[in-house]
Amino acid sequence: MEKSQIVLMTGCNSGIGRELLTIFNRSPFKIVATTLPKPFAKLKRDPIAESERLWIRRLDLVDYPKASLIVAETTEKWRAVDILINNAGISYRSVVEDMTVDDEQTQMQIDYFGLMHLIRDWIPAMRERRSGRIINISSAGGMMAMSTMGSYSASKFALEGVNESI
């Protein structure tokens, strides 16, 4: 891969996203790392700090205008991303009858619709350049469901389906 690759990653405040950020931060890539508003301050104080090639941005995936603004800012400063890593996600653990409509909508908003919004914002530039990668971090829950994770599995099944179509 080129040294000037531009990577945008969601969900960098903990878990897989945090580890990916640590790894990519040791590379020559330019990185836009997004995190939820609450962990943003903690991430900014961590040993990983913003630099010429690392931007840390607040992003709640249900805030589509903010997501599109990050796309515009990145394009203006560097250009369209080469690699989009959709890692952000949540997991409601509950049997189906105990889930509320709001909880189910939040699950789908973050684990599917929010990621799809970013894909729709970036994929035209990738298609135009005839290059780019989209990596959607999914789960075994997207291939088989457990009785206490129906909504989570539904969101991951949806993500698996779009992965195949892209």
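What follows is a chat between a trainee and a mentor about this predicted model.

Trainee: Let's start with R79. Why is R79 called partly exposed?

Mentor: Its relative accessible area is 27%. Buried means under 20% and exposed means over 50%, so a value in between counts as partly exposed. R79 therefore gets the middle label.

Trainee: And where does R79 sit?

Mentor: You'll find R79 in the loop between helix 3 (64–77) and strand 4 (83–86). Have a look at its backbone too: R79 is not a glycine, yet its phi is positive, about 155°.

Trainee: What makes R130 count as exposed or buried?

Mentor: R130 has 77% relative accessibility. The cut-off for exposed is over 50%, so R130 counts as exposed. R130 also has a positive phi, near 60°, without being a glycine. Its place is in the loop between helix 4 (101–129) and strand 5 (133–136).

Trainee: On to the largest pocket. How many residues line the largest pocket, and which lie nearest its centre?

Mentor: The lining has 25 residues, and G11, N87, A88, G89 and I90 lie nearest the centre. The volume of this pocket is about 430 Å³.

Trainee: What makes G11 a lining residue of the largest pocket?

Mentor: A lining residue has an atom within 4 Å of a pocket point, so G11, as part of the lining, meets that cut-off.

Trainee: Which helix gives the most to that lining?

Mentor: Helix 1 does, with three residues. Strand 2 (30–35), helix 4 and helix 5 (150–165) are also among those that each supply at least two. Sorted by class, the lining has 13 polar, nine nonpolar and three charged residues.

Trainee: Now the inside. Why is L118 called a member of the largest nonpolar core?

Mentor: A nonpolar core is made of buried residues of certain kinds, Leu among them, joined through side-chain atoms within 4.5 Å. L118 is in this core, so L118 is buried, which means under 20% relative accessible area. Of the core's 25 residues, L8, L61, V81, L84, L118 and W122 touch the most other members. Strand 1 (6–9), helix 3, helix 4 and helix 5 each supply at least two residues of this core, and helix 4 gives the most, with nine.

Trainee: Which residues does L118 contact, leaving aside neighbours within four places in sequence?

Mentor: They are L8, T10, L59, L61, A67, V71, L84 and N86. There's also a second, separate core of 13 residues, including I31, I48, I56 and I83.

Trainee: Why might nonpolar side chains be buried together?

Mentor: That is a general tendency in soluble globular proteins.

Note on methods: Residues are numbered from 1 along each chain as its sequence is written. This is a predicted model: local features need pLDDT of at least 70, side-chain atom pairs count only at pLDDT 80 or more; totals for chains, interfaces and linings use all residues. Side-chain values use heavy atoms; hydrogens and water are left out. Helices (H or I, at least four residues) and strands (E, at least two) are DSSP runs, numbered from the N terminus. Buried means under 20% relative accessible area, exposed over 50%, partly exposed in between (1.4 Å probe, protein chains only). On a 1 Å grid over the protein atoms alone, a cavity is a set of points where a 1.4 Å probe fits but cannot get out, and a pocket is an open set with protein on both sides within 12 Å along at least five of seven lines; lining residues have an atom within 4 Å of a point. Grid points are joined across faces, edges and corners, and a volume is the space filled by probe spheres set on the points. Ala, Val, Leu, Ile, Met, Phe, Trp, Tyr, Cys and Pro count as nonpolar, Asp, Glu, Lys and Arg as charged, and the others, Gly among them, as polar. Contact means heavy atoms within 4.5 Å.
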